[in-house]
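Trainee: Could we go through some of the labels used here and what stands behind them?
Mentor: Gladly; have a look first.
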Amino acid sequence: MPLVGICAGGIGQPVSLPRPGQQRFRCLSCRKTFTEEHIRAFQVEDYLKEQRGLMAIRMLVEGCSIRTVERLTEIRRDTIIALLLIAGQRCEKLMDSIHDVPVTDVQADECWNFIYCKEKNKGPEDASNDEIGDCYNWVAIDRPTKLVLAFVCGRRTGANAMELARKVRRASSPAVRFQLTTDGLESYIAAVDEMLMDRCDYAQLVKTYVQGEGDERRYSPAECTGAKKVVISGNPDEAKICTSHVERQNLTMRMQIRRLTRLTNAFSKKLDNHRAAVSLHFAWYNFCQIHGALKVTPAMEAGITDHVWSVAELLA
């Protein structure tokens, strides 16, 4: 029995099958041709199976570049970027929905990267363009659960420090006072005083670095020669004044977000693509990746969810 479709004019008969899974019909009443309604994976223009799209997303969160995913999945890179933007928007909403988590020990830090070009290579016409040049991933993580509470992508400014503190306030529970540790960036002091003074004990770990010379300066990180614990407000526990866990998260970002790998041409060319990749990483890290020390995901450890999410659940 032949397939039939329905249009406004009545029942249609099959005409052709131009692409896999998309039958074309001609209306028996009005003689117009039409395609029956169907759902495209991620609502992008390319005709691809949902599983191929999910595989592309899984490859991105595992540290593959856009062109690597293109070669292995045979999905063109413009479509992969479209998938990344859609996934990033959904993951950013998911991260923003985290609230009232009873945290106890929060650490915050910034991870340097750049978009389009390094700051020193910006031309005079781009001097005031904050969407290219140096970009920092501001991250706040709860040490016991390893849950990423909040993140901000942008310049190293007081406004972004304030935005991170605002997101931490929304994500944390007002019923539990917590300890907060950051590096020595002065922008944090005003942000914490404005947003978190009533619910945290705040301290800074100020580290001293010495940069190498020649090739060592280019290819090796600066050496830490000392660290000083500074109490800013409240009564923080000196033994917990530490930023090691959030700095380890910076390493995780560099390993699992291909565009953050140093000395490659995989760096972000647009701020929107960069923010989408970072949003996808943190949502996947919180809800999908089992932490080696915890044996569960950070979201499960924090009591937000009771199972390991699949990528399909993450993007639903």
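Mentor: Buried means under 20% relative accessible area, exposed over 50%, and partly exposed in between, with a 1.4 Å probe and protein chains only. This is a predicted model, where local features need pLDDT of at least 70, side-chain atom pairs count only at pLDDT 80 or more, and totals for chains, interfaces and linings use all residues. Residues are numbered from 1 along each chain as its sequence is written, and side-chain values use heavy atoms, leaving out hydrogens and water.

Trainee: Why is Glu-194 called exposed?
Mentor: Its relative accessible area is 56%, and exposed means over 50%, so the label fits Glu-194.

Trainee: How do you know that Cys-153 is not bonded to Cys-135?
Mentor: A disulfide needs a pair of cysteine sulfur atoms within 2.5 Å. The sulfur of Cys-153 is 5.6 Å from that of Cys-135, its closest cysteine sulfur, so this is too far for a bond. Cys-288 is in no disulfide either, with the nearest cysteine sulfur, in Cys-91, 7.9 Å away. The count of disulfides is zero.

Trainee: What makes Cys-153 and Cys-288 buried?
Mentor: Cys-153 has a relative accessible area of 10% and Cys-288 has 11%. The cut-off is under 20%, so both count as buried.

Trainee: Why does Arg-199 have no salt bridge?
Mentor: A salt bridge is a side-chain nitrogen of Lys or Arg within 4 Å of a carboxyl oxygen of Asp or Glu. For buried Arg-199, the nearest side chain of opposite charge, Asp-198, is 4.4 Å away, so the salt-bridge rule is not met.

Conventions: Lys and Arg count as positive and Asp and Glu as negative; His and the chain ends are not counted.
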